Amino acid sequence: MRRYSISAASSLASPFSSEFSKQALASKVLRLKDKVKLAKEDYLELRQEVNDLQEYSNAKLDRVTRYLGVLADKTRKLDQFALESEARISPLVNEKKRLFNDLLTAKGNIKLFCRTRPLFEDEGPSVVEFPDECTIRINTGDDTIANPKKDFEFDRVYGPHVGQAELFSDVQPFVQSALDGYNISIFAYGQTRSGKTHTMEGSNHDRGLYARCFEELFDLANSDLTSTSKFNFSVTAFDLYNEQIRDLLSESGSTLPKICLELPESSVELVQDKVDNPMDFSKVLKAAFQSRESDTSKFNVSHLIIMVHIYYSNVISGENSYSKLSLIDLAGSDGQILEEDSGERVTDLLHVMKSLSALGDVLSSLTSKKDNIPYENSMLTNILADSLGGNSKSLMIVNICPNAANLSETLSSLNFAARARNSVLSLGNRDTIKKWRDFANDARKELYEKEKEIQDLKQEVLGLKQELKGANDQCVLLFNEVQKAWKVSFTLHSDLKSENVMLEDKHKIEKEQNAQLRNQVAQLLQSEQEQKLQMQQYDSTIQTLQAKVKSLESQLNEAIRSGEAKSISSEKGSGVSTISKTAADGMDSSAVTKKLEEELKKRDALIERLHEENEKLFDRLTEKASTGGSPQVPSPFSKGTANTQPQDPGRNDRRSMDVPLQLAMDKTDGAGALVKAGSDKVKTTPAGEYLTAALNDFDPDQYDSIAAISDGANKLLMLVLAAVIKAGASREHEILAEIRDAVFAFIRKMEPKRVMDTMLVSRVRILYIRSLLARSPELQSIK
């Protein structure tokens with residue numbers, strides 16, 4: 001009987017276990033639903049924050065767009081005013097050019113300078129004297145005449161002490177005229193070793209006319225350059241040997257554009273190298289000189305010609321002009337033919353004498369105002385025909401040697417110059433010179449007034465350009481702020497998208513877990529129903545067996561009482577039959593009892609297996625909950641709880657099962673809370689302690705500028721955000737509660753510095769941190 005009672009108690013414990021597992025699963029499902037609800041609420045709050053930030057960004061963008069429109073209108077007005085100012089300046093500039101070139105024309109289109117080089121150590125005394133700045137006197141040493149000294153007049157005479165800078169100061173007006181659109185040619189004439197090449201090329205420490213002329217062109221072009229006008233320069237370099245042209249840039253510039261020189265009987269293409277600055281010009285000159293040095297025997301019998309081509313364009317007036325500045329280092333004028341000279345040498349000297357003579361004829365015809373100018377007599381005059389005569393201007397610098405040994409060549413060079421300036425209108429008696437000087441002074445005075453007016457207008461244009469630059473700088477700053485706002489908005493939108501995707505994935509996983517739990521609950525319910533049916537069958541079998549046992553016992557008692565009244569023989573016969581019948585019934589009862597014990601063992605094994613399956617199921621559920629961010633809940637099906645059975649199975653079984661469930665529910669609810677109720681002390685973490693120390697130790701006075709303070713504050717706030725995001729949804733409110741006081745102290749510390757209000761990104765981060773703080777249940781009262 002006791003065995004049956006224990007089995008019955010076990011059968012009663014099984015429904016309670018099944019009911020307890022159902023309650024645990026139901027509580028799990030409810031907690032998952034609560035988490036999904038919280039996730040949806042967080043999603044809606046984040047979406048609302050993004051919408052607010054989007055509205056703020058749109059409003060800021062509209063204001064910036066309107067301001068940019070105002071700046072654009074102001075810029076257009078400034079551009080229009082600048083164009084109008086340049087349109088007013090353009091006639092004045094043209095008038096200035098006209099007056100300047102009229103002044104040069106009044107002085108003569110052909111000018112001749114004379115320059116004397118210093119004496120060398122072994123050359124003896126000098127035969128040259130300098131009565132004034134326009135006269136050179138040569139001591140001929142001819143005692144047969146009354147006055148052995150002969151005077152020659154030039155537009156300017158330079159002694160041995162005059163350097164390259166002073167010489168160029170008188171050459172500069174011709175460079176200005178070339179930039180104004182007139183063709184200019186500058187010649188260096190004289191015998192060999194008279195200083196022609198030094199005058200044109202100079203030295204490393206004292207540059208010649210080549211470099212100085214182009215530097216002056218470049219400086220004048222930059223000073224006259226405006227937003228509507230532009231100058232471009234290109235260079236060609238070639239030498240003329242025996243009436244043949246050799247391009248000195250053909251080897252280094254095979255891919256460069258070319259310019260065509262139109263000659264009466266042919267045309268020649270020359271490489272045209274574009275130059276943008278004096279350094280480029282020096283490189284081109286160096287390449288030309290290196291190409292010319294390949295045959296040094298031809299130096300003294302060939303003419304070196306460097307042409308600078310000047311292109312000008314004006315957008316407002318539509319004016320386009322072209323002019324060129326030709327710098328010519330002529331061959332030596334000492335054309336004496338000696339007996340020992342070879343045939344090739346004689347041919348070279350004859351070609352030089354022919355070209356120089358033709359040049360003298362052209363200059364003489366121009367100064368004499370003749371109708372026919374003999375340009376066709378030599379290749380040199382043909383090439384330079386557009387730079388000799390007409391409105392072009394020419395300058396010849398005659399270089400002479402001061403020693404007595406070269407007296408004949410000096411006189412020949414001076415006579416050549418005197419023939420070239422034979423009838424220049426600017427020369428004559430002193431009265432004529434004075435008249436033209438007065439005219440030149442008046443023209444110069446008028447020119448100065450025009451230049452002053454032009455300078456005033458240029459200053460006005462410069463001021464407008466400065467205002468325009470300031471407006472452009474403001475546009476750039478505003479555009480940068482707009483870009484930063486868009487980046488912040490895009491970042492928040494991306495974060496919202498990623499968080500939405502995470503929430504959707506999490507919700508999907510929780511749905512799958514919920515479906516699995518429902519399936520498991522259905523299976524448990526089904527198994528519970530099956531167990532109930534089995535238990536009902538077992539109870540009915542036990543009741544039947546108990547009834548049989550009772551009937552057997554009653555029959556046995558009746559047989560004993562009836563045996564006493566019968567006879568011995570009948571007692572024996574009936575006793576044997578009764579004993580045999582009782583023995584048979586006893587054998588049937590022991591078989592039934594054995595079978596019942598086997599069924600009870602099977603049922604106990606089944607119940608044990610169900611307990612094990614329930615424990616495994618609970619372990620899997622707790623593992624999934626912990627992986628999803630939920631705290632682990634201790635299993636109510638642990639061995640200590642399952643094996644502890646109450647003494648009274650009828651009254652205490654339900655209470656013993658309810659206690660662990662209530663403890664588990666309390667623990668689960670307590671783990672899900674953000675801050676424990678009734679606890680004043682906030683839990684500390686290493687990350688929270690580090691962030692609190694960093695926020696409290698931040699000192700703005702350690703930084704030199706507002707930008708540095710803002711940069712340090714931004715980095716610290718990014719560190720706070722990174723720590724909060726890394727903590728995850730389950731622990732971010734704990735960290736925020738831990739660093740709350742430090743964050744508010746940091747904000748109060750930074751507000752007087754006025755750096756947060758100027759940085760849009762910092763303000764967005766502050767708003768985000770405040771929103772996180774505001775969502776904490778324990779911090780709802782904090783504003």
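1. A residue counts as buried under 20% relative accessible area, as exposed over 50%, and as partly exposed in between. Glu215, at 27% relative accessibility, is therefore partly exposed. The model discussed here is predicted, and the terms above are used throughout this note.

2. Overall content. The protein chain has 783 residues, of which 39% are buried. Its secondary structure consists of 17 helices and 14 strands. The accessible surface comes to about 44,200 Å², and carbon and sulfur atoms hold 53% of that area. Among contacts in the chain with a separation of 6 or more, 73% are between residues 24 or more positions apart.

3. Strand E1. This strand covers residues 110-116 and is mostly covered, with seven of its seven residues buried. In a regular strand, side chains alternate between the two faces of the sheet. In E1, Ile110, Leu112, Cys114 and Thr116 point one way, while Lys111, Phe113 and Arg115 point the other way. Both sets are buried, and the second set includes the charged residues Lys111 and Arg115.

4. Partners of E1. Which strands pair with E1? One is E14 (residues 393-400), which runs parallel to E1 and is joined to it by seven bridges. Within that pairing, Ser394 of E14 stands opposite Ile110. Another is E5 (residues 156-158), also parallel to E1, with three bridges between the two strands. Here the bridge partner of Phe113 is Arg156.

5. Arg156 and its acidic partners. Arg156 of E5 is the bridge partner of Phe113, and its side chain also meets that of Asp170 in a salt bridge, with an N to O distance of 3.3 Å. This pair links distant parts of the chain: Arg156 is in strand E5 and Asp170 is in helix H2 (residues 164-179), 14 residues apart. Arg156 has a relative accessible area of 17%, so it is buried. Asp170 is at 26%, and therefore counts as partly exposed. Glu166 belongs to the picture too, since Arg156, Glu166 and Asp170 are linked in a network of salt bridges.

6. Other salt bridges. How many salt bridges does a search of the whole structure find? The count is 13. Side chains of opposite charge can pair when their charged atoms come close. One of the pairs is Arg207 with Glu215, whose closest N and O atoms are 2.4 Å apart. Arg207 has a relative accessible area of 32% and is therefore partly exposed, and Glu215 is partly exposed at 27%. Another pair is Asp239 with Arg246, where the N to O distance is 3.4 Å. Asp239 is buried because its relative accessible area is 4%, whereas Arg246, at 33%, counts as partly exposed.

7. Thr381. This residue is in helix H7 (residues 379-383). Is Thr381 buried or exposed? Its relative accessible area is 1%, so Thr381 is buried. A polar atom of the Thr381 side chain lies 2.5 Å from the backbone oxygen of Tyr375. Neighbours within four places in sequence aside, Thr381 is in contact with Ala358, Leu359, Val362, Pro374 and Tyr375. Tyr375 thus appears both in the contact list and as the residue supplying the backbone oxygen.

8. Positive phi values. Most residues other than glycine have a negative phi. Two residues to check are Arg193, with phi near 70°, and Glu243, with phi near 65°. Both sit in loops: Arg193 between strand E6 (184-190) and helix H3 (196-201), and Glu243 between strand E7 (229-241) and strand E8 (244-247). Arg193 is exposed because its relative accessible area is 60%. Glu243 has a value of 17% and is therefore buried.

9. A nonpolar surface patch. Leu83, Val315 and Ile316 make up a nonpolar patch of about 260 Å² on the surface. Leu83 is placed in helix H1, which spans residues 2-107. At a relative accessible area of 33%, Leu83 is partly exposed, so this residue passes the over 30% cut-off for patch members.

Note on methods
Residues are numbered from 1 along each chain as its sequence is written. This is a predicted model: local features need pLDDT of at least 70, side-chain atom pairs count only at pLDDT 80 or more; totals for chains, interfaces and linings use all residues. Side-chain values use heavy atoms; hydrogens and water are left out. Buried means under 20% relative accessible area, exposed over 50%, partly exposed in between (1.4 Å probe, protein chains only). Helices (H or I, at least four residues) and strands (E, at least two) are DSSP runs, numbered from the N terminus. Two strands pair if DSSP finds at least two bridges between them. A polar contact is a pair of N or O atoms within 3.5 Å; within protein, one must be able to donate a hydrogen and the other to accept it, and residues adjacent in sequence count only if both atoms are side-chain atoms. Contact means heavy atoms within 4.5 Å. Patches are made of residues with over 30% relative accessible area and no salt bridge: like charges are joined within 9 Å, nonpolar side chains (Val, Leu, Ile, Met, Phe, Trp, Tyr) within 5 Å. Accessible areas come from the Shrake-Rupley method with a 1.4 Å probe; for residues, only the protein chains shown count as cover. A salt bridge is a side-chain nitrogen of Lys or Arg within 4 Å of a carboxyl oxygen of Asp or Glu.
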